[in-house]
Amino acid sequence: MATPWTAEVAPANALPEYPRPQLARPSLEQPRWMNLNGLWQYAATDGQGVPPFGRTLKGRVLVPYPVESVLSGVQQHSDFMVYRRLVEIPAAFTAHGQHVRLNFGAVSYQATVYVNGVKVIGHAGGYTAFGADITRALRPRGEQEIIVLVHAPVDGANVMVGKQRLKPEGIFYTAASGIWQSVWLEPVPATSVAQLTFTPERSLDAFTVTSALHGNADGAMLKVTAYADGKPVGEVSGPAGRPMHLAIADPHRWTPQDPFLYSFKVVLTRGDEHDEVTSYAGLRTISVEKVGGRNRIVLNGKPIFLLATLDQGYWPDGIYTAPTDAALKFDLEKTRDLGFNTIRKHIKVEPARWYYWADRLGLMVWQDMPALPTGRNDKLSASDKATFRADVSAIVEQLKGETSIIGWIPFNEGWGQWSIPAAAELAAQVKQLDPSRLVDARSGANCCDMKGDPHAGDVYDVHDYQGPGLPSPDARRAAIDGEHGGLTLGIPGHVWPNTPINPYGSVKDRAALTAGYVANTAVLRDKGAPKGMSGSVYTQITDVEGEHNGLLTYDRKILKVDEAKVRAINEATISAGGRP
């Protein structure tokens, strides 16, 4: 099934955009990065034997599309696989003592990377970025050989897999294995900026700036300058790696109606070494506070109703990977055009550019943790649980600089949750890592693999299909309906082939779907808002494989509802839910 962007994808232009907007090295007189997306040599393997150093592989795969996808050119899963690429690195990348870093946005699930026969890094975790300084492995000149060995067990291990399945059906979908986010090279000094996080302070007139470095940090100094519309509005300097207070003159707050973003120039110096990067962030706070005697979610100190869609991030042509950056942006734009102000990113982590577009378009995000396999709660070992905890921490650390993310959801409906107290444990873990955001300890306390309210976190969350559910805030938490709706309408010619249809909540035509959506959301406006509810999540923005309950078809070619009517009821609900 093709999307409007499928035909635009070719080996020469596979996701050519710089993949990490919050830590970019500006283009000066010399190239500052090299995109390695495109055709790589490829082979499915049995996971045995030595890597194929110096040997040409017969197969080809288009990186960074998962091997099961049509865009990859492979369209077949393998538990074990090998990627090979020969590349000539520009002389400027290694001039003046510079180092070269090889970066991966994400590989599912386990990757071992070699350069010229030298192992440079191993990484486990299908949803987090990683990279390595490959300078010492480089040959003085000529082609450099990069080999990536991948293990993608999907159904065969108790690790984060989200909704991936080798035999997709119902609410579970096609697997997305191997390299599925961008790969690139960049030249850096021996000591370079590895991460920047700008956390708005509660006063809403400053950021706390934290940083991490690659290389030797001894004596390294950081200078950060903030800009608003190109004009400097704040500056701070100090030792790298320590939190810094960056005061902002005439602060401009980020809201969905006005998603204003500050840009930052960051200069790292250590002796003769010099690294310059750019970043961005919005000035906003999110919390739960008493409003009219009830616990409500407040944005920048004002009550707000977080009206969301469930967004699974699946594509018929690229599965986990949107075919183009324009396609990635499209879902977010349509969500906003329909009058929603929030997205629940469901059981998946997206590439950095997805959050960049959410930041710029003014959409708030509930970020789920990708689930462990369902049906195995009582079979999880101590090691499985420790790996899950570590992966949750890694995801939070990677994404906690994104303005759009306003809350974390460790568990969904008890999937992979080994006990009721586990949700409280993970909520505390996440809150300690990131006290600036909300934590919804488990979405769907009343459902399904393990029913039970952990009485933890900032939000009490129920699921109710068709619903909506109308939970009330309790003594410590705000209340939301974490999933409802699911009205189903398949559009002939725009449905995923050879997959059983989940007919739950069927309606007969587009007019009935629109009317059903409006009636469903009106309940939130008329009953949920007066009860002090703080948000809801409608299932869902697009069809996905056998699920036809999207507002858009899976191929994104047809909007199945009347946009004006949906937007009108959404705006009325947000207005009602935002009153003090």
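Helices and strands are here runs of residues assigned by DSSP, with at least four residues for a helix and at least two for a strand, and they are numbered from the N terminus. With that in mind, Q540 can be placed in the loop between β34 (535–539) and α6 (563–577). The model is a predicted one, and every value below is computed from it.

The loop that holds Q540 is a good place to begin, since the peptide bond from T539 to Q540 is cis, with omega near 5 degrees. Another cis peptide bond joins G467 and P468, where omega is about 5 degrees, and P468 lies in the loop between β32 (459–464) and β33 (478–485). To see why such places deserve a look, it helps to know that most peptide bonds are trans and that most residues other than glycine have a negative phi. Against this background, L204 has a positive phi, near 60 degrees, although L204 is not a glycine, and its place is in the loop between β15 (192–200) and β16. D229, which is not a glycine either, has a positive phi of about 55 degrees and is found in the loop between β17 (221–228) and β18 (231–239). Are these two residues buried or exposed? L204 counts as buried because its relative accessibility is 6%, under the limit of 20%, whereas D229 is exposed because its relative accessible area is 69%, over the limit of 50%.

From the loops we can turn to the aromatic rings, of which the model holds 29 pairs. One of these pairs is formed by F207 and F264, whose ring centres are 5.5 Å apart and whose planes stand at 90 degrees, so the pair is edge-to-face. This pair links distant parts of the chain, for F207 belongs to strand β16 (residues 206–214) and F264 to strand β20 (residues 262–270), 57 residues apart. F207 is buried, at 0% relative accessibility, and F264 is buried too, with a relative accessible area of 2%. A further edge-to-face pair consists of Y280 and Y356, with 5.7 Å from centre to centre and 75 degrees between the planes. Here again distant parts of the chain are linked, since Y280 is in strand β21 (residues 273–281) and Y356 is in helix α2 (residues 352–361), 76 residues apart. Both Y280 and Y356 are buried. Elsewhere, ring pairs join Y127, Y173, W180, Y314 and Y320 into a cluster, and over the face of Y320 lies K348, at 4.8 Å from the ring centre.

The helix that carries Y356 leads into the interior of the model. How many of the 10 residues of α2 are buried? The count is 8, so α2 is largely enclosed by the rest of the structure, and the buried residues include R353, W354, D359 and L361. After α2 comes G362, which has a positive phi, near 85 degrees. In soluble globular proteins, nonpolar side chains tend to be buried together. In this model the largest nonpolar core has 87 residues, and among those with the most contacts inside the core are I297, L332, W354 and F388. The largest share of this core, 6 residues, comes from α2. There is also a second, separate core of 33 residues, which includes L36, V61, L102 and F130.

Not every buried residue is nonpolar, as D331 shows: this residue of helix α1 (residues 325–337) is buried, with a relative accessible area of 3%. Which residues does D331 touch, not counting those up to four places away in sequence? They are D311, W315, T542 and R556. With R556 the side chain of D331 makes a polar contact, side chain to side chain, at 2.7 Å. R556 also lies over the face of W315, at 3.6 Å from the ring centre, and W315 is itself one of the residues that D331 touches.

Finally, the structure holds 1 disulfide, formed by C447 and C448, with their sulfur atoms 1.3 Å apart. C447 counts as buried, at 13% relative accessibility, while C448 counts as partly exposed, at 41%.

Terms used. Residues are numbered from 1 along each chain as its sequence is written. This is a predicted model: local features need pLDDT of at least 70, side-chain atom pairs count only at pLDDT 80 or more; totals for chains, interfaces and linings use all residues. Side-chain values use heavy atoms; hydrogens and water are left out. Rings of Phe, Tyr and Trp (its six-membered ring) pair if their centres lie within 6.5 Å; planes under 30 degrees apart count as stacked, over 60 as edge-to-face and the rest as tilted. Buried means under 20% relative accessible area, exposed over 50%, partly exposed in between (1.4 Å probe, protein chains only). A charge sits over a ring if NZ of Lys or CZ of Arg is within 6 Å of the ring centre and within 35 degrees of the ring normal. A nonpolar core is a set of buried Ala, Val, Leu, Ile, Met, Phe, Trp, Tyr and Cys residues joined through side-chain atoms within 4.5 Å. A polar contact is a pair of N or O atoms within 3.5 Å; within protein, one must be able to donate a hydrogen and the other to accept it, and residues adjacent in sequence count only if both atoms are side-chain atoms. Contact means heavy atoms within 4.5 Å. A disulfide is a pair of cysteine sulfur atoms within 2.5 Å.
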